[in-house]
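Below is a short report on a protein–DNA model. Please look over the sequence and structure before reading on.

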There are 2 protein chains.
Amino acid sequence: MATRHQRPPAETAALNAYVKLMRAAESVTTRAHLVLPEGVTITQFAALEALLHRGPLFQSELAGKLLKSTGNLTLVVDNLERDGLVVRERDETDRRFIRVALTAKGRKFISALFPQVAASLTHEFSALTLAEQATLAELCRKLGRGPQPAA
Amino acid sequence: MATRHQRPPAETAALNAYVKLMRAAESVTTRAHLVLPEGVTITQFAALEALLHRGPLFQSELAGKLLKSTGNLTLVVDNLERDGLVVRERDETDRRFIRVALTAKGRKFISALFPQVAASLTHEFSALTLAEQATLAELCRKLGRGPQPAA
DNA sequence: GGATATTAGTTTGACATTAAACTATTATCC
DNA sequence: GGATAATAGTTTAATGTCAAACTAATATCC
């Protein structure tokens with residue numbers, strides 16, 4: 001038995017926008033990453049991309065960039081290290097920190113892969129005009145920051 | 001060593017919009033679901049919500065609504081069934097199909113929970129005006145459908 | 001009507017993900 | 001300077017997630 005309710009307009013608008021937001025995020029991510037070779041996950045790609053464009057990072061910094069927990073990063077970096085794409089280096093000044101850096105193999109790998117994913121994402125976003133993409137980005141930025149207390 | 005590139009404007013716009021889209025989706029989802037009680041995951045909530053508002057569904061239909069694989073749904077429904085929130089019923093006309101339905105306990109549970117999550121989402125989206133929410137929904141809809149071949 | 005193909009769901013193996021408990025290291029504070 | 005806090009990372013247990021191989025049931029086709 002399906003259940004239907006009268007909802008306040010604000011709630012209807014929010015639920016509708018939320019569903020569409022989530023579906024767009026999932027659809028685009030899935031389609032754009034079809035170019036990833038067998039055995040490379042989206043998270044691994046994201047970690048390698050961050051290291052390529054920002055240089056070596058502490059694991060906690062990497063977790064911050066990817067919006068993931070540090071426990072998660074332990075596993076992701078484990079797997080990347082196992083595959084010879086990154087190395088861990090203990091920071092000698094403060095031995096609690098571990099710096100993650102691309103190996104030569106890892107740099108070569110992500111340097112070749114990134115342009116393909118970028119092209120794929122660009123193709124996906126060609127569903128929108130550049131102006132629409134800018135609008136979308138701005139609305140998402142405001143939404144991501146959350147409701148701001150009145151100034 | 002960070003790497004910077006000259007990019008075509010279309011690529012810059014797409015990458016920027018993509019990052020903001022993903023961050024917004026993750027941030028809003030995380031914050032809005034903080035109201036979920038201990039032990040209920042976002043996926044379980046989504047499955048129960050679909051059953052509440054659409055009535056009993058086949059597992060494959062549920063997978064379609066949630067954009068998840070059927071293998072995934074097997075586990076999700078397993079856990080919901082274990083907790084007494086849903087039941088599986090073999091379809092007698094075509095015994096390949098399994099219908100998933102809320103139990104009385106499950107209906108009571110999700111009926112009480114949904115309004116809280118809806119209110120939480122509505123609060124998150126109050127970062128945007130209703131017009132902005134409508135714009136966001138429309139842009140996401142176009143993006144989710146993907147680039148359409150020229151008519 | 002029996003071989004073949006298709007479809008719904010399950011299983012398996014690998015990775016992702018979190019919260020919470022834990023270890024090791026550094027900072028703080030009396 | 002020694003007890004206490006705080007911080008970075010790891011581990012553990014539970015769930016999510018997929019692709020691919022599989023089972024069971026139904027449909028198709030000669």
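## DNA strand D

This is a predicted model. DNA strand D is surrounded by 24 residues, and the closest are A:Gln59, A:Ser60, A:Thr74, A:Ile98 and B:Asp94. Of the atoms of DNA strand D that come within 4 Å of the protein, 80% are accounted for by sugar and phosphate. By class, the surface near this strand has 5 nonpolar, 12 polar and 7 charged residues.

Both chains reach the phosphates of DNA strand D. An N or O atom in the side chain of A:Thr74 is 2.6 Å from a phosphate oxygen of the strand. For an N or O atom in the side chain of B:Thr43, the distance to a phosphate oxygen is 2.8 Å. B:Arg95 uses its backbone: one of its backbone N or O atoms lies 3.0 Å from a phosphate oxygen of DNA strand D.

Helices from both chains build this surface. From chain A, α3 (59–66) and α4 each supply at least two residues, as do α2 (42–54) and α4 of chain B. The largest share comes from α4(B), with 4 residues.

## DNA strand C

DNA strand C has 26 residues around it. A:Thr41, B:Gln59, B:Ser60, B:Thr74 and B:Ile98 come nearest. Of the atoms of DNA strand C within 4 Å of the protein, 81% belong to sugar or phosphate, and the rest belong to bases. The residues of the surface near DNA strand C divide into 6 nonpolar, 13 polar and 7 charged.

Chain A supplies several phosphate contacts here. The side chain of A:Lys68 places an N or O atom 2.8 Å from a phosphate oxygen of DNA strand C. A:Asn72 has a polar side-chain atom 3.1 Å from a phosphate oxygen of the strand. A:Arg95 has a polar backbone atom 2.9 Å from a phosphate oxygen of DNA strand C. The elements that give two or more residues to this surface are α2 (42–54) and α4 (70–82) of chain A together with α3 (59–66) and α4 (70–82) of chain B. α4(A) gives the most, with 6 residues.

## Symmetry of the two chains

How are chains A and B related? A rotation of 180° with 0.0 Å of shift along its axis superposes chain A on chain B, with an RMSD of 0.0 Å. That is the relation of a two-fold axis. The same surface serves both copies, as 100% of the contact residues of chain A recur in chain B.

Which residue of chain A comes closest to the rotation axis? A:Leu136 does, with its C-alpha at 3.2 Å.

## The nonpolar core

The largest nonpolar core has 84 residues. A:Val86, A:Phe125, A:Leu136, B:Val86, B:Phe125 and B:Leu136 touch the most other members. In soluble globular proteins, nonpolar side chains tend to be buried together.

B:Val86 shows its surroundings in detail. Leaving aside neighbours within four places in sequence, B:Val86 is in contact with B:Leu48, B:Leu51, B:Val77, B:Leu80, B:Glu81, B:Val100, B:Ala101, B:Leu102 and B:Thr103.

## A:Val117 in helix α5

A:Val117 lies in helix α5 of chain A, which covers residues 104–125. Is A:Val117 buried or exposed? A:Val117 is buried, because its relative accessible area is 2%, under the 20% cut-off.

Not counting residues up to four places away in sequence, A:Val117 touches A:Ala32, A:His33, A:Val35, A:Leu36 and A:Phe45. A:Thr12 and A:Val117 are 105 residues apart in sequence and 35 Å apart in space, C-alpha to C-alpha.

Terms used:
Residues are numbered from 1 along each chain as its sequence is written. Chains are lettered from A and ligands numbered from 1 in the order in which they are written. This is a predicted model: local features need pLDDT of at least 70, side-chain atom pairs count only at pLDDT 80 or more; totals for chains, interfaces and linings use all residues. Side-chain values use heavy atoms; hydrogens and water are left out. Copies are superposed by least squares on the C-alpha atoms of residues with pLDDT of at least 70 in both. Contact means heavy atoms within 4.5 Å. A residue is near a molecule or strand if one of its heavy atoms lies within 4 Å of it. A polar contact is a pair of N or O atoms within 3.5 Å; within protein, one must be able to donate a hydrogen and the other to accept it, and residues adjacent in sequence count only if both atoms are side-chain atoms. Ala, Val, Leu, Ile, Met, Phe, Trp, Tyr, Cys and Pro count as nonpolar, Asp, Glu, Lys and Arg as charged, and the others, Gly among them, as polar. A nonpolar core is a set of buried Ala, Val, Leu, Ile, Met, Phe, Trp, Tyr and Cys residues joined through side-chain atoms within 4.5 Å. Buried means under 20% relative accessible area, exposed over 50%, partly exposed in between (1.4 Å probe, protein chains only).
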